[in-house]
Amino acid sequence: MSRFLLSFSVILVGVLFIARLVNLQLFFKESTLAESDPAITKEFIYPERGFIYDRNNELLVSNQVAYDVIVIPSAVKELDTLAFLQLLDLDQELFEQRMKRAENYSRRLPSVIVSSLSKERYAVLQEKLRRFEGFFIRKKSLRSYHTAASANVLGYISEVNPTDMRSNAYYIAGENIGRTGIERQYEELLRGKKGVRYIQKDRFNREIGSYQDGVLDSLPTMGENLQITIDKTLQEYGELLMNGKRGGIVAIEPSTGEILSMISGPTYDPSLLVGRKRSKNYTELYYDSLARPTWDRSILAEPSPGSPFKALNALVALQEGIINPKTTVTCYDGFFVYGDKRGCHCGGGVRDLISGIHHSCNAFFAETFRSYYRNFESTAEAHDRWTAHMKSFGLGEFLGVDLPTGRPGRIPDTEYYDRAYGPNRWVSTYIISNAIGQGEVAATPLQLANMTAAIANRGFFYTPHLLRSVDGRPVVDLIPSFTQKRQTTIDPKHFEPVIEGMSKVYTEGTARYLQVKGITIAGKTGTVENFTRIDGKKTQLTDHSVFVAFAPVEDPKIAIAIYIENGYYGARYAGHIASLMIEKYLKGSISRTDLEARMLNKTLEHEYAKPYSGKPFQINEYAW
Amino acid sequence: MRGSFLLFRIDGLSMLLILALTTFGWFTIYSTTLENDSSTALLDLGTYHGKQLFFGLCAVAAMLLLSFVDEHLIKRYSSVSYLVGIALLLGLFVFGRTIAGSTSWYDLGPLNFQPSELMKLLTALAMAKYLSDTGVSLKAGIHQFYAVLIIVVPVLLIVLQPDPGSALVYLALFLVLFREGLPLYYLAAVVFTLLAFSLTLIFGLSTMLISAALLFGLYFLLRPKKQRPPLYFDLLFPALQFAVIALTPWAFNSVFKQHHRDRFSLWLGLEKNAEKLLEIKQSIGYNTYQAEQAIASGRWWGKGYLQGTRTKGDFVPAQHTDYIFSSVGEEWGFVVSALVVLSFVGLLLRLIVLADRQKLAFHRIYGYGVISILFIHFTINIGMVLGMLPTIGIPLPFFSYGGSGLFFFILMCFIFLKMDANRHKTHFN
């Protein structure tokens, strides 16, 4: 063998080694990031979720500690199943099912076996769990509610699902996300920013220190504390008044657009959706398809607004010069459409604008409505203008409230009627129900409250909103649009006669028994006819009770809209509740305890049961 | 005439490379065995780096001593020391200390001594002495037999320890025999046997039998007229190859154990089922798999000294000994890893140059002995760490932790470098 052969072999081996190094170190497809390194574990440090306070800095939502029992399947050895099940108070079948799911998920990563232990059970377990290898306790944070009210406003949080994780890379399995309400709307403020810790592990998966002395680590940033515009006292009081009634209440501070109360009946205690019973409770609430406690009637229900809508039609007629405060119409206990008489409950006689409002005269507004359309070349032109006026009050469109759900209500435009009747094939008498807030128009309680606030402000409103401040920074710095005036199309001067009429509703009109001593209130009752289908047959149900009001008239502090399903006439349930809410908010206490007791005790369950009784039933019963 | 001090006459490049590799190796041992609570004192014999440093210093002391010893004395006593070495190997069976299943160590208080490391040096010397005898020719069968015997006796004793990895290293000395005139067709026979075995595993019995028949047919038609091997070889060799091919499937399935089969499966890519392959990779190939991952994660410039996450996590087993190169790959990256490879190549090439310029056969043959041993260590160790060869546990010279290893590698090289430094001296024999 020559020396060259040997030298050649040495060089060949060297070249082969370097080629292999090139292949491994420069072209190997494995990522070198810490994420893919089995020696590095990324661990998140979770910040505390932000608290939620009411407008008077009363704590509504904070956090509580809870404990999960988790399992790492590969670490489980010789499990004494019987003793373990006894300790955990767990069903054998359920336990096996969860163990199987844990194994399928990962043998090395933790899975939850029992979620949200109580503190007492945790105390017992903590001592005994070490006997069961592979099982551990993991601390987690749950919401803690300091009020039984506001579930619809606050919303709830729950663990992220695969869809959430796909759509937002921030979340990993086991983390919480806001599902509804404020929790969802301001999720990014509330959740804070999780910190991260890179841990150096050895091949037995034992921690041996922090990776690169922690240069990549970051501390968690705590979630921000929110102050919302809800008045806890008023909210809780309103929910009490809603006992046994279905409907919605929205109260707004007209000078800011801040929502003081937002109540949906029936509702539920937000604490029901926390902890171990969460799933069971949620199922119960969700499948109550008649009362629908999870359906927020204050922003999702879209009934016809009824008579409060007359105030808007009056404003449009004043603005367009169709009527002036002195214009009169004679009411014959009703009015005629093509010879067909439509009734009126105002008592009849000569009605002007102001008495038309406080006696809620259908004839006056029907006639005014017709006059308005007669004033234009075409119905379409008139209707376009009318639509624009209505929409300037935030009706028929999403208002932009800071909640993840909502409904736009309906202001039927020209296109809507063209589709229904054909272009130029409809006139004002076709749509005359809109004059008195029946027919095609629809509005959510929130929109009604906002409309009332716009009247109270004599021509403008602020987008109704729930966020007041974030860690002391006022909302104007965060969402400037909430503090920008939205002007209606009506001149301020036209509001005074309408407001006078609404004031007289309390002094001599439909709500004269609901006055509050020392507070001047302007309001408007509404009694809304409504129908349902029973066995395919259109059946009329007891009217909805609607009421809008603001007070004090001179310097409005609260504008409120109340909608009670099947509560009969406006002054009955809705009027009572409005009166009590206003007194509670402005005075802090209730002087008319008889009125209060009546509202707290009376329920409408018998009314809601009627359509399902399978028997013929009476509607609009006088006795209550 | 160059300086009269040995230090000035000794080959600078070789010494420099050896020193650099040893120093770098020491730093790598420090990194791979560093634990949070371990002592950072340099000469703490309770730590790996402390022990390694101690043996390094011992090697320096031994070099100083050796520099006063004439090469003649070394040659004269090489036969005796060979026999002493054999005695030490035999003594292991009585007094040896068992670590990880192999009885390869003498227990010397805080330190262990591994005679097989010393024996490499002694075998190289003994072989050099035997072959450098005038009158000994590797053309003669009986001399071939004795030369092979010198190698095979320690090999057998070491296999019995059992430490087959170390035993394999002695086979490198056959390279010296070929260099000194053992006919190359023996080497060809060995290479072809290994090739036949591996190829049969890959391509299967029938393909290989047909291919071999075709090849040998072609060989008989075209075989050279001059320098042809003896006829018995021409007949025996094909017979041997056919036997190897025919027996391979049986041997693989019946003689080999499952973990042997898995190693071959992994190495030759026999397992086509991706899941099973991964399973093999993570069980039998765990070391190789982890070493590959660690090296790959080093990229161009590595993660930085003491920053290798897999090194710190102790993911690569034996990473301070046999798998030490994986830590170099992870913490220092491609550039330095390639530089280490180049350093070894450079050292080997330089030693070949030095060996060839020796005037005395004893010195030249011993030089080739040193080269062969270093070469096989380098090839098998890094080849294994890089996943190119099946797992055979032998250390990387100068680098791997192991006192005896370091000590005798340095000494072995130094003896040769001293011979080279003194090559102009007049020798009286």
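Mentor: Let's start with a cut-off: a residue is buried if 20 or more other C-beta atoms lie within 10 Å of its own, exposed if 12 or fewer, and partly exposed in between. Keep in mind that this is a predicted model. Of the 624 residues of chain A, 42% count as buried.

Trainee: What makes A:R292 count as buried, exposed or partly exposed?

Mentor: Just count. A:R292 has 17 C-beta neighbours inside 10 Å. That number falls between the limits of 12 and 20, so the label is partly exposed. A:D471 gets the label partly exposed as well, with 13 other C-beta atoms within 10 Å.

Trainee: What is notable about phi of A:R292?

Mentor: Phi is near 45 degrees there, a positive value in a residue other than glycine. A:R292 lies in the loop between α10 and α11 (297-300) of chain A. A:D471 is not a glycine either, and phi is positive at about 50 degrees. You'll find A:D471 in the loop between β18 (467-470) and β19 (473-474) of chain A.

Trainee: Where are the cis peptide bonds that join A:P266 and A:P552 to their partners?

Mentor: One joins A:G265 and A:P266, with omega at about -5 degrees. A:P266 sits in the loop between β12 and α10 (278-286) of chain A. Another joins A:A551 and A:P552, where omega is about -15 degrees. A:P552 belongs to the loop between β22 and β23 (558-564) of chain A.

Trainee: On to the sheet with β12 and β21 of chain A: why are those two called edge strands?

Mentor: The order is β12-β11-β23-β22-β21 (chain A), in an open sheet of five strands with antiparallel pairing. β12 (258-265) and β21 (522-534) of chain A each have a single partner strand, so one side of each is left without a neighbour in the sheet. On average, neighbouring strands of this sheet are turned by 10 degrees against each other, direction ignored.

Trainee: How do you know that β21(A) and β22(A) really pair?

Mentor: Pairing needs at least two bridges, and β21(A) and β22 (residues 537-551) of chain A have twelve, so they pass. The sense is antiparallel. In this region A:R533 stands opposite A:K538 in β22(A).

Trainee: Which helix lies across β11 and β12 of chain A?

Mentor: Helix α9 (residues 232-241) of chain A does, and it runs at about 25 degrees to β12(A). β11 covers 247-253.

Trainee: What makes α20(A) oblique to α21(A)?

Mentor: Two packed helices are described by the angle between their axes and the distance between the axes. Here the axes of α20 (residues 573-587) and α21 (residues 593-601) of chain A come within 10 Å and cross at roughly 125 degrees. Perpendicular stops at 115 and roughly antiparallel starts over 145, so 125 leaves α20(A) oblique to α21(A). The crossing is left-handed.

Trainee: Which residues meet where α20(A) and α21(A) touch?

Mentor: From α20(A), A:H576, A:I577 and A:L580; from α21(A), A:L595, A:E596, A:R598 and A:M599. By class, that contact has four nonpolar, one polar and two charged residues.

Trainee: How many helices and strands does chain A have?

Mentor: Chain A has 22 helices and 23 strands. Take contacts between residues at least 6 apart in sequence: 71% of those in chain A join residues at least 24 apart.

Definitions and conventions:
Residues are numbered from 1 along each chain as its sequence is written. Chains are lettered from A and ligands numbered from 1 in the order in which they are written. This is a predicted model: local features need pLDDT of at least 70, side-chain atom pairs count only at pLDDT 80 or more; totals for chains, interfaces and linings use all residues. Helices (H or I, at least four residues) and strands (E, at least two) are DSSP runs, numbered from the N terminus. Axes are lines fitted to C-alpha atoms, for helices over the stretch in contact, and angles run from 0 to 180 degrees between N-to-C directions. Two residues are in contact if their C-beta atoms, placed from the backbone, lie within 7 Å. Angles under 35 degrees count as roughly parallel, over 145 as roughly antiparallel, 65 to 115 as roughly perpendicular and the rest as oblique. A crossing is left-handed if the near helix is turned anticlockwise from the far one by less than a right angle, and right-handed if clockwise. Ala, Val, Leu, Ile, Met, Phe, Trp, Tyr, Cys and Pro count as nonpolar, Asp, Glu, Lys and Arg as charged, and the others, Gly among them, as polar.
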